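Me: Please take a close look at one part of this model. I should like a connected account of the main helix there, together with what lies on either side in the sequence.

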Amino acid sequence: MAEGLTNQGVAGILNLSPQTVKAHLDHVYSKLDACNRSHAVALGFRMGVLK
């Protein structure tokens, strides 16, 4: 996600369906209180989860 991949791109790498990726990302957004993909990535960097 931090590399700019779409849900379909992430799904292809992880051998998941795009719907599964979307469901997981929705949970991530909720847990981080992020409003979108970019916000979640920014929060991940701030929290030190992403480098």
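Reply: Ile13 is exposed, at a relative accessible area of 60% (exposed means over 50%, buried under 20% and partly exposed in between, with a 1.4 Å probe and protein chains only). The model is predicted, so local features need pLDDT of at least 70 and side-chain atom pairs count only at pLDDT 80 or more, while totals for chains, interfaces and linings use all residues. Residues are numbered from 1 along each chain as its sequence is written, and side-chain values use heavy atoms, with hydrogens and water left out.

Ile13 belongs to helix α1, residues 7-14 (helices are DSSP runs of H or I with at least four residues, numbered from the N terminus). Together with Leu5, Leu14 and Leu16, Ile13 makes up a nonpolar surface patch with about 360 Å² of accessible area in total. Such a patch joins nonpolar side chains (Val, Leu, Ile, Met, Phe, Trp, Tyr) within 5 Å, each residue having over 30% relative accessible area and no salt bridge; the areas come from the Shrake-Rupley method with a 1.4 Å probe.

Helix α2 has 15 residues, and its first and last C-alpha atoms are 21 Å apart, close to the 21 Å expected (1.5 Å times one less than the number of residues). Val21, Leu25 and Tyr29 are its buried residues to note. They lie on the same side of α2, because the arc that they cover around the axis is only 75°, taken from the directions from the helix axis to the C-beta atoms. Their cover includes α1 and α3. Gln19, His27, Ser30 and Lys31 are exposed on the other side of α2.

Helix α2 also holds a salt bridge between the side chains of Asp26 and Lys22, at 3.0 Å from N to O (a side-chain nitrogen of Lys or Arg within 4 Å of a carboxyl oxygen of Asp or Glu). By this rule the count is one. Asp26 and Lys22 are four residues apart in α2, so about one helical turn separates them. Asp26 is partly exposed at 36% relative accessibility, and Lys22 is partly exposed at 44%.

Beyond α2 comes Asp33, with a positive phi near 60°. Ala34 is in the loop between α2 (18-32) and α3 (37-47). With a relative accessible area of 12%, Ala34 is buried. Leaving aside residues up to four places away in sequence, Ala34 touches Tyr29, His39, Ala40 and Leu43 (contact means heavy atoms within 4.5 Å). Tyr29 thus appears twice in this account: it is buried in α2, and it is touched by Ala34.

Notes:
Patches are made of residues with over 30% relative accessible area and no salt bridge: like charges are joined within 9 Å, nonpolar side chains (Val, Leu, Ile, Met, Phe, Trp, Tyr) within 5 Å. Helices (H or I, at least four residues) and strands (E, at least two) are DSSP runs, numbered from the N terminus.
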